[in-house]
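Thanks for taking a look at this one. Here are some notes to read alongside the coordinates, set out as numbered points.

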Amino acid sequence: MIPPANADDGGKPPVDGAVTQQARQLMEAGLEGLSERERRVILHVAKRRYVSRDVNRVLVEHQTFGERLADRVAQLGGSWGFILVFTGMLDAWVVVNTVVLARAGAFDPYPYIFLNPILLMVAALQAPVILMSQNRQAARDRMAAGLDYEINLKAKVEIMASHDKLDHIRMARLEGMLADQSTRIEAFAKVVGAGAEKATRP
């Protein structure tokens, strides 16, 4: 498994006050209830870092020679070039053993018994290599899904943070408007009180 970026020696992302505050404020929970991936996303949000990574580059960095070879063999075996070359080789085998060497003694005459084990060996070698490549593709899909989840989670947290900031701005504006209205009402009450006082004087 590939260790997460910016992780400490234990494999978990570092935690500081900003991360804890962000988690409690936006996700209504402490970091204890979050998974390692969610903790990493909260860290990136608090530190204003990017979450997105290139899946292909991450896989290439941790790819072994055997895995690269399996990918190449599977890519070659699943191409029209391989089908055409292999069909040409089979046709050449049949023509040589049926037409060219028919009188001189063909080394594999019809029904081409020697060709069968060769085809079985090719299939026996090709099948596990293709399975290895499929396993690599499955691992790539899992990693891509994990990165997509982190990106979506970060977007959700950012949206929640934006809503929280807008709520604070709205509340501050309402408080200012209420304070202004209170000041005006008090001033109006003083004016009305002073006018009533003058009217009651003889």
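1. Let's begin with a loop. Y112 is found in the loop between helix 5 and helix 6; helices here (H or I, at least four residues) and strands (E, at least two) are DSSP runs, numbered from the N terminus. The backbone of Y112 has a positive phi of about 55°, although Y112 is not a glycine. Most residues other than glycine have a negative phi. Y112 counts as buried at 12% relative accessibility, where buried means under 20% relative accessible area, exposed over 50%, and partly exposed in between (1.4 Å probe, protein chains only).

2. A word on the ground rules. This is a predicted model, in which local features need pLDDT of at least 70 and side-chain atom pairs count only at pLDDT 80 or more, while totals for chains, interfaces and linings use all residues. Residues are numbered from 1 along each chain as its sequence is written, and side-chain values use heavy atoms, with hydrogens and water left out.

3. On confidence, the mean pLDDT of the protein is 75, and 69% of its residues reach 70 or more; pLDDT is the predictor's confidence in each residue, from 0 to 100. Among the elements, helix 5 (residues 80-100) has the highest mean pLDDT, 87, and helix 1 (residues 17-27) the lowest, 59. Please read residues 1-13 with this in mind: pLDDT stays under 50 there, and the model has 23 contacts beyond four places in sequence for them (a contact means heavy atoms within 4.5 Å).

4. Now the second largest pocket, with a volume of about 260 Å³. Helix 3 (55-61), helix 4 (65-77) and helix 6 (115-200) are the elements that give two or more residues to its lining. By class, that lining has 5 charged, 5 polar and 2 nonpolar residues. Among the lining residues are N56, L59, D71, R72, R136 and R140. For the terms: on a 1 Å grid over the protein atoms alone, a pocket is an open set of points where a 1.4 Å probe fits, with protein on both sides within 12 Å along at least five of seven lines, and lining residues have an atom within 4 Å of a point.

5. Which residue forms a salt bridge with D71? The partner is R136, with the closest N and O atoms 3.6 Å apart; a salt bridge is a side-chain nitrogen of Lys or Arg within 4 Å of a carboxyl oxygen of Asp or Glu. This pair links distant parts of the chain, as D71 lies in helix 4 and R136 in helix 6, 65 residues apart. D71 is partly exposed, with a relative accessible area of 22%, whereas R136 counts as buried at 15%. Both D71 and R136 also appear in the pocket lining of point 4.

6. A search of the whole structure finds 4 salt bridges. In one of them, D167 and R170 meet at 3.0 Å, N to O. They are 3 residues apart in helix 6, so about one helical turn separates them. D167 is partly exposed at 39% relative accessibility, and R170 is partly exposed at 48%.

7. Another salt bridge joins R184 and D180, whose closest N and O atoms are 3.4 Å apart. These two are 4 residues apart in helix 6, so they too are separated by about one helical turn. R184 counts as exposed at 54% relative accessibility, while D180 is partly exposed at 35%. Elsewhere, E67, D71 and R136 are joined into one network by salt bridges that share partners.

Conventions
Points joined across faces, edges and corners; volume = space filled by probe spheres on them. Nonpolar A, V, L, I, M, F, W, Y, C, P; charged D, E, K, R; others polar.
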